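Me: I have a chain with a ligand in front of me and would like to go through it piece by piece. Can you take my questions as they come?

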Amino acid sequence: MVTSISSLASSANSPDMPAPVVVICGGVGAARLLRGIVPAAGDGLTAIANVGDDLELHGLHISPDLDTITYTLADAVSAERGWGLEGESWQAMEMVGRYGGVDWFGLGDRDLGTHLYRTHRLDQGADLTTVTAEITTAWGLDLRLVPVTHDRLRTMVTTVDEGEISFQEYFVRRQHDVAVTSVRFDGAADATPAPGVLDAIADAERIIVAPSNPAVSIDPVLAVPGISEAIRARREDVIAVSPIIGGKALKGPADRLLNELGRESSVVGVAEWYADLVGTLVIDTIDADLADAVSATGPRPIVTDTIMTQAGVTEALADLLLTTALRS
Ligand code: FO1
């Protein structure tokens with residue numbers, strides 16, 4: 001049996017070659033975690049990001065999760081919003097609003113430059129991985145950030161009062177303040193993993209699932225054919241961080257969506273959601289009393305501080321995710 005170079009490299013794990021790691025990413029929660037993981041994992045890291053939140057607006061291709069990760073790691077993200085850029089002005093959107101155009105999706109004047117560039121490059125025939133690399137490089141990042149697919153993938157949400165709407169219409173126009181009856185990932189069946197994604201998952205020493213929304217940020221990544229099978233096959237090497245703490249999401253609708261989609265909004269609900277995907281689930285100290293219930297659901301619980309707004313937590317959490325033994 002011929003041993004591939006990459007598996008030699010990963011099995012060698014020479015001290016200067018950090019073990020290859022994959023992080024499955026949504027938006028804000030993933031970006032915050034990557035701030036701790038990127039410095040520690042070095043060039044062995046591949047961040048595979050959701051593109052189901054993407055949208056075409058004003059003739060522009062917008063990739064919110066890719067941009068949130070990029071801006072956060074570049075220390076350029078708006079601290080107040082968690083997305084978009086610090087120090088934004090909104091002149092262009094004011095003009096669009098003046099004409100009665102779509103102005104509920106806030107595109108800052110600087111952020112618009114990203115979408116102008118991305119759209120132009122895609123129109124020139126560049127693929128989203130290439131363009132994303134150009135953008136992360138321009139921000140001085142040496143992060144390998146890849147979209148899960150280059151194909152069209154759109155998270156669609158069915159609401160109780162408006163029927164099916166796009167993810168951003170749910171999340172932004174409706175401020176996710178409406179009950180959801182179902183979620184689907186338009187285009188998933190015909191999508192293929194972007195080049196290198198399946199290899200990164202196969203070659204990874206471990207796979208980290210970021211504390212993103214399971215229903216609308218992690219699931220669209222898993223919906224691309226081949227991805228969830230590849231990760232499930234590695235279940236013992238997969239470690240997730242619960243996005244639910246004390247029954248609540250720190251940001252966004254993950255708690256309500258779990259309830260609306262038939263799960264309890266707790267670390268146990270998250271453990272059930274990820275039961276056949278994840279061997280280990282990191283839960284916050286607030287939920288220490290639920291560790292046994294998590295274990296009974298399947299994933300091995302690890303209890304630690306996971307609220308990354310507290311000093312030192314991001315670094316400690318990243319270190320735990322990168323170094324804790326996953327196989328008992
Ligand atoms: N979120 C909002 O709540 N309101 C907005 O107006 C908004 C605009 C926006 C523009 C670019 C971008 O990259 C993200 C933006 N977001 C906005 C956040 C976005 O809806 C979410 O970050 C993700 O799609 C969910 O993770």
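**Loops, helices and the ligand**

Reply: Let me begin with His176, which is in the loop between α7 and β8 (180-186). Keep in mind that this is a predicted model.

Me: OK. Is His176 buried or exposed, and why?

Reply: His176 is buried, because its relative accessible area is 18% and the cut-off for buried is under 20%.

Me: What about the phi of His176?

Reply: The phi of His176 is positive, about 40°, although the residue is not a glycine. Most residues other than glycine have a negative phi.

Me: Which other histidine, not being a glycine, has a positive phi?

Reply: His58 does, with a phi of about 55°. His58 is in the loop between β3 (55-57) and β4 (60-62).

Me: And how does His58 count in terms of accessibility?

Reply: His58 counts as partly exposed, because its relative accessibility is 35% and that class runs between 20% and 50%.

Me: Back to the loop between α7 and β8. Where does Val178 sit?

Reply: Val178 is placed in that loop, between α7 and β8. Val178 is buried, with a relative accessible area of 6%.

Me: How far is Val178 from Arg256?

Reply: Their C-alpha atoms are 9.7 Å apart in space, while Val178 and Arg256 are 78 residues apart in sequence.

Me: Switching to the ligand. Which residues come nearest?

Reply: There are 13 residues around the ligand, and Asp53, Pro64, Asp65, Gly106 and Gln168 come nearest.

Me: What are the polar distances for Asp53 and Asp65?

Reply: For Asp53, a side-chain N or O atom is 2.9 Å from an oxygen atom of the ligand. For Asp65, a side-chain N or O atom is 3.2 Å from an oxygen atom of the ligand.

Me: And Gly106, which part of that residue is involved?

Reply: The backbone. A backbone N or O atom of Gly106 is 2.9 Å from an oxygen atom of the ligand.

Me: How much of the ligand does the protein cover?

Reply: The ligand on its own has 540 Å² of accessible area, and the protein covers 90% of that.

Me: Which pocket is the ligand's space?

Reply: The ligand takes up the space of the largest pocket.

Me: Which helices each supply at least two residues of the shell?

Reply: α3 (64-73) and α7 (167-173) do. The largest share is from α7, with four residues.

Me: What is the shell made of, by class?

Reply: Eight residues of the shell around the ligand are nonpolar, two are polar and three are charged.

Me: Stay with α3 for a moment. How many of its residues are buried?

Reply: In α3, 10 of 10 residues are buried. Among them are Pro64 and Asp65, both of which also come nearest to the ligand.

Me: What follows α3?

Reply: Asp75 follows α3, and the phi of Asp75 is positive, near 55°.

Me: New topic: Ser228. Which helix is it in?

Reply: Ser228 is in helix α10, residues 227-232. Ser228 counts as buried, because its relative accessibility is 13%.

Me: What does the side chain of Ser228 contact?

Reply: The side chain of Ser228 makes a polar contact of 3.4 Å with the side chain of Glu229.

Me: Next, where is Leu322?

Reply: Leu322 is in helix α14, residues 313-323. At 15% relative accessibility, Leu322 is classed as buried. The C-alpha atom of Leu322 is separated by 22 Å from that of Ala74, and these two residues are 248 residues apart along the chain.

Me: And Ala204, where is that found?

Reply: Ala204 is in the loop between α8 (197-203) and β9 (206-209). Ala204 is buried, at 5% relative accessibility. From Ala204 to Thr46, C-alpha to C-alpha, the separation in space is 8.9 Å, and in sequence it is 158 residues.

Me: Last one. Where is Pro20, and how does it count?

Reply: Pro20 is in the loop between α1 (5-12) and β1 (21-25). Pro20 counts as buried, because its relative accessibility is 19% and buried means under 20%. The C-alpha atoms of Pro20 and Gly52 are separated by 25 Å, with their positions 32 residues apart along the chain.

Definitions and conventions
Residues numbered from 1 in each chain as written. Predicted model: local features only at pLDDT ≥ 70, side-chain atom pairs only at ≥ 80, totals over all residues. Heavy atoms only, no water. Near = heavy atom within 4 Å. Polar contact = N/O pair within 3.5 Å; in protein donor to acceptor, adjacent residues only side chain to side chain. Areas by Shrake-Rupley, 256 points an atom, 1.4 Å probe, with all protein chains shown as cover. 1 Å grid on protein atoms, 1.4 Å probe; cavity = no way out; pocket = protein on both sides within 12 Å on 5 of 7 lines; lining within 4 Å. Sits in = over half its atoms within 2 Å of the grid points. Nonpolar A, V, L, I, M, F, W, Y, C, P; charged D, E, K, R; others polar. Buried < 20%, exposed > 50% of the residue type's maximum accessible area, 1.4 Å probe, protein only.
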